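Reader: I should like to learn how to read the features of a structural model. Might we take them one at a time?

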Amino acid sequence: MKLILLGAPGAGKGTQAEIISEKYNIPTISTGNIIRAALKNGTEMGLKAKAYIDAGNLVPDDVVIGIIKERLSEKDCENGYILDGFPRTIPQAEALDRMGFAIDAALSIEVADEEIVKRMSGRRVCGKCGASYHTEYKKPERDGICNLCGEDLIIRKDDEPDTVKNRLAVFHDQTEPLKEYYKTSGKLLIVEGQDKVEDTTRLVLTALEKVK
Ligand code: AMP
């Protein structure tokens, strides 16, 4: 299965991607994670992206298109993939089509802005391994400490309230038009994000049964 996950930042794409990835045995490609890793490793691309990410803006199309082209050409993508966080603009979607990486479906997880703001204010990540938690919905075993590596949990700079507001504005302006783009090609699936992760998962997996 070749799947795109659409949705506002904080709509739960990453969590659903993990579950779909395990069920269908295909990798998740998250441009956000790739960029953050580059940033951590101090690569030229990472340094270029930093100012955009910190402000909640999109990294330029040519940078992310280059990342995706390289990653989708790797062997583990031959049998399918889940794109989490790409494409985020119409030019990115057009580039994906042009590069010949066909997709079967674009699944949009819909969550209201007020709920997103509430969710993101509780999001915490491990400063070392990047595992993510939530102060209400996905608590770590020990307060403020990563279950996996024992490091302190931190608030990602782009999860701070003002940045979240900007990320939502950018989403509505630049990413939401992709719904129309994939609707036109008959690829769009819509799922209403629920309060409980497992309820959203049930809807997501049911929607995916319709995909080949
Ligand atoms: P995410 O973790 O998916 O929310 O991504 C974090 C940040 O990485 C975004 O706010 C953007 O600055 C950048 N980013 C990730 N994917 C893309 C993309 N497809 N196009 C442009 N910027 C991106």
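Author: Let us begin with a single residue; at 36% relative accessibility, Asn57 counts as partly exposed, because that class lies between buried, under 20%, and exposed, over 50%. Please bear in mind that this is a predicted model.

Reader: Where is the place of Asn57?

Author: Asn57 sits in the loop that links α3 (44-55) with α4 (61-72).

Reader: Which residues does Asn57 touch, not counting residues up to four places away in sequence?

Author: With those sequence neighbours set aside, Asn57 touches Tyr52, Asn166 and Val170. As for Cys146, 89 residues apart from Asn57 along the chain, the two C-alpha atoms are separated by 28 Å.

Reader: How is the packing of two helices to be described?

Author: In general, two packed helices are described by the angle between their axes and the distance between the axes. Here, the axes of α6 (residues 113-121) and α7 (residues 161-175) come within 10 Å and cross at roughly 140 degrees. That angle makes α6 oblique to α7, since only angles over 145 degrees count as roughly antiparallel. The crossing of α6 and α7 is right-handed.

Reader: Which residues of α6 and α7 make the contact?

Author: From α6 come Asp113, Ile116, Val117 and Met120, and from α7 come Val164, Arg167, Leu168 and His172. By class, this contact of α6 with α7 has five nonpolar, one polar and two charged residues.

Reader: At what angle do α7 and α8 pack?

Author: Helix α8 (residues 177-184) packs with α7 at an angle of about 30 degrees, and their axes are 5 Å apart. The contact involves His172, Asp173, Gln174 and Thr175 of α7, together with Pro177, Leu178 and Lys179 of α8. Two nonpolar, three polar and two charged residues make up the contact of α7 with α8.

Reader: How should one read a sheet, and in what order do the three strands stand here?

Author: In general, strands of a sheet pair through backbone hydrogen bonds, either parallel or antiparallel. In this model, three strands form an open sheet in the order β6-β5-β7, with antiparallel pairing. β6 (132-134) and β7 (153-154) stand at the edges with a single partner strand each, so one side of each has no neighbour in the sheet.

Reader: How many bridges join β5 to β6?

Author: Three bridges join β5 (residues 123-126) to β6, and Arg123 stands opposite His134 in β6.

Reader: Which helix lies across β5 and β6?

Author: Helix α6 lies across β5 and β6, running at about 40 degrees to β5.

Technical notes: Residues numbered from 1 in each chain as written. Predicted model: local features only at pLDDT ≥ 70, side-chain atom pairs only at ≥ 80, totals over all residues. Heavy atoms only, no water. Axes fitted to C-alpha atoms, helices over the stretch in contact; angles between N-to-C directions. Helix = DSSP H or I, 4+ residues; strand = E, 2+ residues; numbered from the N terminus. Parallel < 35°, antiparallel > 145°, perpendicular 65-115°, else oblique. Left-handed = near helix turned anticlockwise from the far one by under 90°. Contact = heavy atoms within 4.5 Å. Nonpolar A, V, L, I, M, F, W, Y, C, P; charged D, E, K, R; others polar. Pairing = 2+ DSSP bridges. Buried < 20%, exposed > 50% of the residue type's maximum accessible area, 1.4 Å probe, protein only.
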